[in-house]
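The following exercises ask the reader to work through a protein model step by step. Please examine the sequence and the structure before reading the solutions.

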Amino acid sequence: MHIEAMVVLLQLPGIGSLKEKRARTRGIRDKWGKQAHLAVVESGFHDQWGQAEWMFVCLSSDRKLIDRTFSNIESNLQTGWDFVVTQIERARL
């Protein structure tokens, strides 16, 4: 069994409240949180308006599935969202 984590740091320009921050980033959990092999959580900067940290943890017996899942998430987060991805880190657990 393989377990990998991916941490994504986001900048959210023009945010005026935590409520607005949550509204802008809610789609992350909505989009990927229903996959059985993937856990999605806001893992940092909980009280800061302009930044967010999200962690994705993927569990599978197939390493290719993990790589494909994380590649899809990375490419999707880079476009079509109202935030800027500033850093992405992956780690095997």
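The exercises below concern a predicted model, and each task is followed by its solution.

**Exercise 1. The nonpolar core**

Task: Determine which residues touch the most other members of the largest nonpolar core, and which elements give two or more residues to this core.

Solution.
Step 1. The largest nonpolar core holds 19 residues, and Ile28, Phe56 and Leu77 touch the most other members.
Step 2. Two or more residues of this core come from each of strand 1 (2–11), helix 1 (18–32), strand 2 (38–44), strand 3 (51–60) and helix 2 (63–78).
Step 3. Phe56 may be taken as an example. Not counting residues up to four places away in sequence, the residues that Phe56 touches include Glu4, Val8, Ile28, Leu38, Phe70 and Leu77.

**Exercise 2. The two faces of strand 3**

Task: Sort the residues of strand 3 into a covered face and an uncovered one.

Solution.
Step 1. In a regular strand, side chains alternate between the two faces of the sheet.
Step 2. In strand 3, the covered face consists of Ala52, Trp54, Phe56, Cys58 and Ser60. The uncovered face consists of Gln51, Glu53, Met55, Val57 and Leu59.
Step 3. Leu59 has a relative accessible area of 42%. Because buried means under 20% and exposed means over 50%, Leu59 is classed as partly exposed.
Step 4. Leu59 also belongs to a nonpolar surface patch of about 450 Å², together with Met1, Ile3 and Leu93.

**Exercise 3. The partners of strand 3**

Task: State in which sense strand 3 pairs with strand 1 and with strand 2, and give the number of bridges for each pair.

Solution.
Step 1. Strand 1 and strand 3 are paired in the antiparallel sense, with 10 bridges. Gln11 is found opposite Gln51 of strand 3.
Step 2. Strand 2 and strand 3 also run antiparallel and are joined by six bridges. Here Gly44 is opposite Glu53 of strand 3.
Step 3. A hairpin is formed by strand 2 and strand 3, with six residues between them. Phe45, in the turn, has a positive phi of about 55 degrees.

**Exercise 4. Salt bridges**

Task: The whole structure contains eight salt bridges. For three of them, identify which elements hold the partners and whether each partner is buried or partly exposed.

Solution.
Step 1. Arg63 and Glu4 form a salt bridge through their side chains, at 2.6 Å from N to O. Since Arg63 lies in helix 2 and Glu4 in strand 1, the pair ties together parts that are 59 residues apart in sequence. Arg63 is partly exposed, at 26% relative accessibility, whereas Glu4 is buried, at 4%.
Step 2. The side chains of Glu20 and Arg24 form a salt bridge at 3.7 Å, N to O. Both residues lie in helix 1, and because they are four residues apart, about one helical turn separates them. Glu20 is partly exposed at 32% relative accessible area, and Arg24 is buried at 17%.
Step 3. Asp67 and Arg90 form a salt bridge at 3.6 Å, N to O. Asp67 is in helix 2 and Arg90 is in strand 4 (residues 84–92), so this pair ties together parts 23 residues apart in sequence. Asp67, at 32%, is partly exposed, and Arg90, at 35%, is partly exposed.
Step 4. Finally, salt bridges that share partners connect Glu4, Arg63 and Arg92 in one network.

Key
Residues numbered from 1 in each chain as written. Predicted model: local features only at pLDDT ≥ 70, side-chain atom pairs only at ≥ 80, totals over all residues. Heavy atoms only, no water. Core = buried A, V, L, I, M, F, W, Y, C linked by side-chain atoms within 4.5 Å. Buried < 20%, exposed > 50% of the residue type's maximum accessible area, 1.4 Å probe, protein only. Contact = heavy atoms within 4.5 Å. Patch = residues over 30% accessible without salt bridge, like charges linked within 9 Å, V, L, I, M, F, W, Y side chains within 5 Å. Areas by Shrake-Rupley, 256 points an atom, 1.4 Å probe, with all protein chains shown as cover. Salt bridge = Lys/Arg side-chain N within 4 Å of Asp/Glu carboxyl O. Pairing = 2+ DSSP bridges.
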